[in-house]
Amino acid sequence: MCTTYLASIIINELKENGINIEGNPHLIRLNPFARYKTRGNGAVSFKIAISNKTDINKIKEIVLKNVKEHAMFEHENTNPGVVFYDGEITDKMIDYAFKTIYSLITIKQAEKFANEIGAEIHKFKKGRGIIGSIAAIACPLLDYTYELISYRVKDNYGKKRKINKDSVKLMDKETFPETFENIDGDYIAIEPRTPCPVLYGIRGESVNALEIAKGIVEADETIDSYSIFKTNQHTDMHLRKIDKIANMEKYGCYIVEGIVDDDPHVIEGGHLFFTLKDESGEIEAAAYEPTKDFRKIIKELKKGDHLRLYGGIGCGGTFNIEKIKIISLIANTTYQNPTCNCGKRMTSAGKNKGFKCKKCGFKLPDGEKIAIIEDRNLKEDKFYETPVSARRHLSKPLIRMNINR
Ligand SMILES: [Zn+2]
């Protein structure tokens, strides 16, 4: 079961019972490198202004009933959690939310924190979901985007989705950059790759742009319902600037600067690696096979290049690159023998004996090789990012950064 769909079912039932939620529900993505995460590592929250205290029990009943009814408890990774919180969002809660997004919180810590703030928790199986639920309630959205998610009728679950490709391309053409990340050449990014209830998810800057986009996208199957979530997706909220490579930790997400310490090398499977270092230490950085053409950029790096990396450290201790900024490039110098007055390239006359011309016999005993600075295929002061197909939910695309590509 998809958390956004479950939230959508709950919100609809609340509405049928005369209970309205304030604004759009929030979809908060947590640390993409967390060890025990679900696939998208997302949590959903929504806010209700209570005018009648007797509504509280009815609301709780509707929420819990739907989780029990729809969650797929037979899956090992399904460990839902529900949190009810009545009150102001405190600074302490905001700090907690950030910890779940750029580092890690355990179920135990979440439970203790819920007690401290007086939140009511409901754990199902291991109840891991309470970690993200508290974060979804507390997470501030200073920078945010929206996602319109449409759902399929139950009979179609698991069947091939019938989305009209051309209509998606047209939608992108008409609404980009107010909508973004929805196609990548021929790749239709709005279509999930999993057999979940989602038909498509369109990403955009505003509710209005998404409504227009939905009007353009055509599908040859019935849409059961749709919801628009306000979200921290594509905001880089998970990244923290860090001064020293040595201070980075496993499962952390960072913006870090350093010098390339070796020319990048490919391993089996097409993954590309290089070492980034500073005075404090070094880390292995990777552009994995799914990042496709981004690897061609990484391959152009040379020992001595100065970079800023954006990304996070996975369980293997390797830094997964989401995007890079080139601060400075090392000169790519090659050396050539001098050219003779007759136009012929000279050859070595032996060790420390300079050069000689094989054509006219001219000698240059004190001659030196000539340095040639070759053009690099990369540009200084420029960003390079992974393609849409490999982009993480939280990664901020360059189109949202007001940067000329
Ligand atoms: Zn010559």
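Visitor: How are the donor residues of the zinc ion spaced in sequence?
Guide: Quick heads-up: this is a predicted model, where local features need pLDDT of at least 70, side-chain atom pairs count only at pLDDT 80 or more, and totals for chains, interfaces and linings use all residues. Residues are numbered from 1 along each chain as its sequence is written, and side-chain values use heavy atoms, with hydrogens and water left out. Donors here are N, O and S atoms within 2.8 Å of the metal (3.2 Å for Na, K and Ca), and with no water among the atoms, sites may look incomplete. In sequence, the zinc donor residues follow the pattern C-x1-C-x14-C-x2-C.

Visitor: Which residues coordinate the zinc ion, and at what distances?
Guide: Each contact goes through an SG atom. The residues are Cys340, Cys342, Cys357 and Cys360, at 2.3 to 2.4 Å.

Visitor: What geometry does the site of the zinc ion have?
Guide: Four donors count as tetrahedral if all angles lie between 85 and 135 degrees; four are square planar and six octahedral if opposite donors are over 155 degrees apart and all others between 65 and 115, and anything else is irregular. Here the angles among the four donor atoms run from 104 to 123°. That makes the zinc site tetrahedral.

Visitor: Is Cys342 buried or partly exposed?
Guide: Buried means under 20% relative accessible area, exposed means over 50%, and partly exposed is in between (1.4 Å probe, protein chains only). Cys340 is buried at 6%. Cys342 has a relative accessible area of 34%, so Cys342 is partly exposed.

Visitor: In the open sheet of three strands, which are the edge strands?
Guide: Strands (E, at least two residues) and helices (H or I, at least four) are DSSP runs numbered from the N terminus, and two strands pair if DSSP finds at least two bridges between them. The order is E18-E19-E20, with antiparallel pairing. Each edge strand pairs on one side only, and these are E18 (347-348) and E20 (363-364).

Visitor: What is the bridge partner of Thr347 in E19?
Guide: E18 and E19 (residues 355-356) run antiparallel and are joined by two bridges. In E19, Thr347 is partnered by Lys356.

Visitor: How far apart do the C-alpha centres of domain 2 and domain 4 lie?
Guide: The domain bounds come from an automatic or database domain assignment. It divides the protein chain into domain 1 (3-138), domain 2 (145-231), domain 3 (240-329 + 377-401) and domain 4 (332-374). Between the centres of domain 2 and domain 4 the distance is 63 Å.

Visitor: How many residues apart in sequence are Arg400 and Asp143?
Guide: Their salt bridge (a side-chain nitrogen of Lys or Arg within 4 Å of a carboxyl oxygen of Asp or Glu) has its closest N and O atoms 2.9 Å apart. Arg400 lies in the segment after strand E22 (382-385) and Asp143 in the loop between helix H5 (129-138) and strand E5 (145-152), so the pair ties together parts separated in sequence by 257 residues.

Visitor: Which residues are linked with Arg400 in a network of salt bridges?
Guide: Arg400 is buried at 13% relative accessible area, while Asp143 counts as partly exposed at 25%. The network links Arg400 with Asp143, Glu205 and Lys396.

Visitor: Are Arg203 and Glu147 buried or exposed?
Guide: Their side chains meet in a salt bridge (3.5 Å, N to O). That pair links distant parts of the chain, with Arg203 in strand E8 (residues 198-204) and Glu147 in strand E5, 56 residues apart. Both residues are buried.
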